[in-house]
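Colleague: I would like a close look at one part of this model. Please walk me through the geometry and the cover.

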Amino acid sequence: FPPKKGIGAALKNLWAKEPVIAVSIGIAAVALVSPFISPYAKYSGMINRATPYTYPGRDPKITPKYP
């Protein structure tokens, strides 16, 4: 990479030399960012906060005989 040319020039150089690595870096970036912008993450978090950890009808002190 040429020094101090900017991110755009570095990406263009990477794409010219190693397009497979450039695509894999792009896929990894999308995979890291998508959970934070996904509405699924928002609503699953809301459901997890609203769902109680213990449910009525079963005594947690008694362990079942089946695994």
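Modeller: I take the fold as a whole, then one helix, then the stretch before it.

This is a predicted model, where local features need pLDDT of at least 70, side-chain atom pairs count only at pLDDT 80 or more, and totals for chains, interfaces and linings use all residues. Residues are numbered from 1 along each chain as its sequence is written, and side-chain values use heavy atoms, with hydrogens and water left out.

The protein has 3 helices and 0 strands. Helices (H or I, at least four residues) and strands (E, at least two) are DSSP runs, numbered from the N terminus. The order is α-α-α. Of its 67 residues, 6% are buried. Buried means under 20% relative accessible area, exposed over 50%, partly exposed in between (1.4 Å probe, protein chains only).

Now helix 3, residues 39–50. At 1.5 Å a residue, its 12 residues should span 16 Å; the end C-alpha atoms are 17 Å apart, which agrees. That expected span is 1.5 Å times one less than the number of residues. Helix 3 is hardly covered: 1 of its 12 residues is buried. S38 caps the N-terminal end of helix 3, with a side-chain oxygen 3.1 Å from the backbone nitrogen of Y40.

Next, the stretch before it. L32 sits in helix 2 (residues 19–37). L32 is exposed, at 61% relative accessible area.

Finally, the record. UniProt, in an unreviewed entry, places "transmembrane region" at residues 20–41. Such annotations may be inferred rather than shown by experiment. In the model, residues 20–41 are 95% helix and 0% strand, with end C-alpha atoms 30 Å apart.

How values were computed. Polar contact = N/O pair within 3.5 Å; in protein donor to acceptor, adjacent residues only side chain to side chain.
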